[in-house]
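Let's take a friendly look at how this protein holds two of its ligands. Have the model open as you read.

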Amino acid sequence: MKLFLLFILFIIGTNLYAEQILQNTTCKRCHPKIFNEYQNSMHHKASIYKDPIHKAIWDRHPDKKKDNYKCAKCHTPADKALINKQIKLTPNKTQLNEPISCQTCHQIKSIEKHAKANINIYTTKKKTFFSKDLKRKGEKLIFHDKTSFFGLFHTTVGSPYHNIDYSNENFYNANVCLGCHDHKQNEKGFVVCDIQIKQNDTKQNCISCHMPKIKGSFVNQHDTKKHAYHGSNIVTASPAMLEKYIKISLQKDQNKFSLILENKANHTLFPHPLRLAVLKVSIQRNRKITPLKEHKFVRIIGTDGKPTPPWLATTILKDTTLKAYEKREITYNTKLEKKDQLIVKFGYHIVNPKIAKKLNIKDTHYTKFITFKKKVFTIK
Ligand code: HEC
Ligand code: HEC
Ligand code: HEC
Ligand code: HEC
Ligand code: HEC
């Protein structure tokens with residue numbers, strides 16, 4: 001009888017775990033650093049309830065009237081009930097706290113390529129997470145004890161909560177990011193966004209640049225010294241982490257000068273139709289600062305020669321975005337003099353102020369100019 005009761009308790013216990021597994025707070029117990037970083041990431045804020053920009057576009061989208069939130073497959077894939085059409089879009093806990101959850105990424109088994117948009121294929125194995133570790137590549141790690149030195153020392157290997165599968169190539173070549181981040185077409189078959197990756201550098205990929213290893217253990221049970229940064233968010237992660245991938249250099253001539261802007265990322269910079277990147281240059285001479293003409297990098301989409309919202313667009317009206325590995329030379333017909341300070345700022349507006357006006361977005365966080373890289377040249 002006792003044994004039977006224990007058995008029942010065990011069953012209830014494992015079921016409770018099965019319920020909990022849907023929540024990032026479970027991971028927090030053992031992976032608190034990563035959990036805290038994630039809270040600041042755009043993956044944590046990808047739903048209409050946490051991202052006012054996503055909401056502003058959704059509110060105007062024709063699918064809203066049909067209550068057909070197709071954005072879910074990339075913006076809120078953890079809301080399985082919504083994806084399976086069992087519920088309508090509501091501000092439930094998943095939408096608010098983990099629209100793209102820890103498990104969303106760690107259970108992506110493979111990516112299916114499609115013209116419209118790629119699709120993530122998730123593993124159906126419960127409590128099995130994919131991860132990357134070059135020393136364990138190919139292994140499948142099940143929790144076990146390890147004794148060494150004739151049984152004197154005991155350690156545990158693996159996680160008491162889940163299995164780990166280190167054999168998924170997509171975690172090594174970073175294809176795991178491309179189910180959502182590669183490209184997207186609208187109903188008219190027009191490509192609204194495309195990050196246009198050029199893979200000619202195998203040492204650098206989405207993970208090495210956007211999730212670099214930084215100080216702090218990835219788990220409470222061992223001190224691993226480092227963990228992969230999980231706070232993906234262009235505003236809070238840069239410039240400290242990413243500015244080194246943009247190079248700015250100066251070429252001086254008799255009566256003019258050029259700035260050379262080099263994009264070392266393997267993708268187009270700021271391809272999203274809402275963004276506006278700007279190069280701001282000014283000359284400081286005898287304490288007086290004179291701004292020069294701004295240079296803009298945009299991708300404007302529309303139809304019949306006029307800009308439109310993404311769902312109506314059929315052509316690219318203008319595209320001056322910096323492509324992968326591109327070096328762009330921008331010439332200024334201004335003479336530089338000895339002792340001049342040339343102040344160069346490269347940055348972006350999250351929402352192009354012209355579009356923000358149309359969308360009635362007033363929060364300056366989204367409309368202001370954010371400096372991503374600053375460089376000062378002193379003329380000799
Ligand atoms: C009871 C503690 C515990 C919980 C809860 C837990 N983990 Fe872990 N996890 C561990 C331990 C311990 C390791 C390290 C295993 C090793 O390397 O020996 C680990 C390792 C991992 C790894 C692989 C790390 C590597 O080596 O690359 C991933 C990914 C991971 N956990 C994800 C998760 C996610 C996602 C959740 C929540 C759904 C979670 N964990 C919940 C204890 C836990
Ligand atoms: C194929 C995956 C995918 C689908 C489907 C998708 N998105 Fe996105 N969306 C993304 C990704 C990835 C980003 C981040 C891109 C970036 O920052 O450059 C993004 C970013 C955005 C942004 C910018 C958010 C910000 O904070 O600046 C808006 C707005 C947006 N999406 C609206 C929508 C709407 C509305 C839908 C549904 C009608 C939708 N998206 C469907 C992948 C998708
Ligand atoms: C956007 C996808 C994505 C999300 C969301 C995500 N991870 Fe990860 N995670 C990864 C990738 C990719 C790696 C491999 C990084 C590497 O080793 O270079 C990783 C690595 C890890 C590792 C182990 C390796 C290390 O060095 O840190 C742990 C543990 C982990 N994640 C836990 C979590 C937890 C807990 C959450 C939720 C709070 C989470 N992840 C959310 C993609 C993701
Ligand atoms: C399940 C879909 C999905 C996966 C997988 C995914 N992302 Fe994202 N990611 C998004 C969406 C959607 C957004 C934009 C959310 C928003 O702005 O509302 C985003 C935002 C970002 C941002 C921040 C952009 C900004 O505007 O601040 C970065 C950086 C990023 N992702 C990198 C990655 C990397 C690197 C990986 C792979 C390890 C990855 N993502 C995997 C869907 C995904
Ligand atoms: C060599 C480094 C490097 C690599 C590799 C790289 N990125 Fe980036 N990424 C950058 C830099 C630099 C920026 C600009 C960052 C900023 O403004 O904060 C950026 C910006 C982004 C943004 C934000 C764009 C926006 O307008 O919101 C997303 C999303 C992103 N990268 C996703 C990816 C994905 C997915 C991959 C893999 C295909 C990838 N990155 C590979 C360096 C890199």
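The report below covers the surroundings of ligand 2 and then the iron atom of ligand 5 in this predicted model.

## Who surrounds ligand 2

Ligand 2 has 18 residues around it, and those that come nearest are Asp51, Cys71, Cys74, His75 and Arg275. By type, the shell holds 10 nonpolar, 5 polar and 3 charged residues.

Three side chains make polar contacts worth a look. Asp51 places a side-chain N or O atom 2.8 Å from an oxygen atom of ligand 2, and Arg275 has a polar side-chain atom 2.8 Å from an oxygen atom of the ligand. His75 instead faces a nitrogen atom of ligand 2, with a polar side-chain atom 3.0 Å away. Helix 4 (52-60), helix 6 (72-75) and helix 10 (178-181) each give two or more residues to this shell. Helix 4 gives the most, with 4 residues. Domain 1 (103-237) and domain 2 (243-378) each supply at least three residues to the shell.

## The iron atom of ligand 5

Which protein atoms serve as donors to the iron atom of ligand 5? They are NE2 of His210 and NE2 of His267, lying 2.0 Å from the iron. The two histidines are 57 residues apart and link distant parts of the chain: His210 sits in helix 11 (residues 206-210), while His267 is in the loop between strand 13 (257-263) and strand 14 (276-285).

The arrangement is octahedral because the 6 donor atoms around the iron subtend angles of 86 to 178 degrees. For reference, ideal angles for six octahedral donors are 90 or 180 degrees.

His210 is partly exposed, with a relative accessible area of 32%, whereas His267 is buried, at 18%.

Terms used
Residues are numbered from 1 along each chain as its sequence is written. Chains are lettered from A and ligands numbered from 1 in the order in which they are written. This is a predicted model: local features need pLDDT of at least 70, side-chain atom pairs count only at pLDDT 80 or more; totals for chains, interfaces and linings use all residues. Side-chain values use heavy atoms; hydrogens and water are left out. A residue is near a molecule or strand if one of its heavy atoms lies within 4 Å of it. A polar contact is a pair of N or O atoms within 3.5 Å; within protein, one must be able to donate a hydrogen and the other to accept it, and residues adjacent in sequence count only if both atoms are side-chain atoms. Ala, Val, Leu, Ile, Met, Phe, Trp, Tyr, Cys and Pro count as nonpolar, Asp, Glu, Lys and Arg as charged, and the others, Gly among them, as polar. Domain bounds come from an automatic or database domain assignment. Donors are N, O and S atoms within 2.8 Å of the metal (3.2 Å for Na, K and Ca); water is not among the atoms, so sites may look incomplete. Four donors count as tetrahedral if all angles lie between 85 and 135 degrees; four count as square planar and six as octahedral if opposite donors are over 155 degrees apart and all others between 65 and 115; anything else is irregular. Buried means under 20% relative accessible area, exposed over 50%, partly exposed in between (1.4 Å probe, protein chains only).
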